Amino acid sequence: MARDPGRPLRADAQRNREKILSAAVRVFAEEGLDAHLERIAKEAGVGTGTLYRNFPTRELLIEAAYRNELARLCDAAPELLATLPPREAMRAWLGRFMDYANAKLGMADALRGVVASGVNPYAQSHELIQDALSRLMDAAVAAGVIRSDISATDMFAALTGIALASGKPEQREQADRLLDLTLDGLSAGPRQ
């Protein structure tokens, strides 16, 4: 029996759901669309019944796993701004963007399967990421630590390029260097 989506989850059920979604990202990234749902349940430490109660179909699980990664990325912006200076918050978020991009690239085959089924898991992704990035950039501009002449759209394009060129886990050191270089290029101060 599938759960009622309008009813809030108990705390333990919410934890199980989060464990399932995290395990799904890892397993789909490793195995693609053919990943066994039983393996996901086992890695999450839950029974298959719990998995199917939350996600009755493979497509619903893939879509939810992707959207959860997107939400974690976008929700991190205000949290980071509340706890770190703007430049540090932005750099921390850029690292999280690379984690998100890595998960998305790893799940590409599984996500293509969802799209082929008629569901668009990417609906609003671009806008949500742009909003989070704009918040971070606006705070950094207001603090005088980055230039004001670069838009969130430009920064998103740069991040996408870094993710495509260096988005694999084994390329993380290079991606971090490129993120630092990009952030250094945004620094406020005299231009030559």
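This is a short tour of the model, stop by stop, built around helix α4 and the residues packed against it.

Before clicking, note that this is a predicted model, so local features need pLDDT of at least 70 and side-chain atom pairs count only at pLDDT 80 or more, while totals for chains, interfaces and linings use all residues. Residues are numbered from 1 along each chain as its sequence is written, and side-chain values use heavy atoms, with hydrogens and water left out.

**Stop 1: helix α4**

Select residues 58–83, which make up helix α4. Helices here are DSSP runs (H or I, at least four residues; strands are E, at least two), numbered from the N terminus. α4 has 26 residues and reaches 37 Å from its first C-alpha to its last, close to the 38 Å expected at 1.5 Å a residue; that expected span is 1.5 Å times one less than the number of residues. Now zoom in on A76: a kink of about 30° lies there, shortly before the proline P78. The bend is the angle between axes fitted to the seven residues ending at a residue and the seven starting there.

**Stop 2: three residues along α4**

Pick L61 and show its contacts (heavy atoms within 4.5 Å). Leaving aside neighbours within four places in sequence, you should find I20, L21, A24, F28, L37, I40, L51 and F55.

Next, E63, also in helix α4. Is E63 buried or exposed? At 15% relative accessibility, E63 counts as buried, since the cut-off for buried is under 20% relative accessible area, with exposed over 50% and partly exposed in between (1.4 Å probe, protein chains only). Not counting residues up to four places away in sequence, E63 touches V114, V119 and P121.

Then go to L73, which is buried with a relative accessible area of 3%. With the same sequence neighbours left out, L73 touches W93, R96, F97, Y100 and I129.

**Stop 3: the aromatics**

Show the rings of Y66, W93, F97, Y100 and F156, which form one aromatic cluster. Rings of Phe, Tyr and Trp (its six-membered ring) pair if their centres lie within 6.5 Å; planes under 30 degrees apart are stacked, over 60 edge-to-face, and the rest tilted. The count comes to 4 aromatic pairs. In one of them, Y66 and Y100 have ring centres 6.0 Å apart and planes at 45°, so the pair is tilted. This pair links distant parts of the chain, with Y66 in helix α4 and Y100 in helix α5 (residues 86–106), 34 residues apart. Both Y66 and Y100 are buried.

W93 and F97 form another tilted pair, at 6.0 Å centre to centre and 35° between the planes. They are 4 residues apart in helix α5, so about one helical turn separates them. W93 is buried at 0% relative accessible area, and F97 is buried at 4%.

**Stop 4: the nonpolar core**

Color the largest nonpolar core, a set of 56 residues. A core here means buried Ala, Val, Leu, Ile, Met, Phe, Trp, Tyr and Cys residues joined through side-chain atoms within 4.5 Å. Which members touch the most others? They are F28, I40, L61, M90, W93, F97 and I129. Elements giving two or more residues to this core include α1 (11–31), α7 (125–142) and α8 (152–166). α4 gives the most, with 11 residues.

**Last stop: the annotated spans**

Select residues 14–73, which the unreviewed UniProt entry annotates as "domain: HTH tetR-type". UniProt positions follow the numbering used here, feature names are shortened, and annotations may be inferred rather than shown by experiment. This span is 82% helix and 0% strand, with end C-alpha atoms 19 Å apart. Finish on residues 36–55, covered by the UniProt annotation "DNA-binding region" (unreviewed entry): 75% helix, 0% strand, and 14 Å between the end C-alpha atoms.
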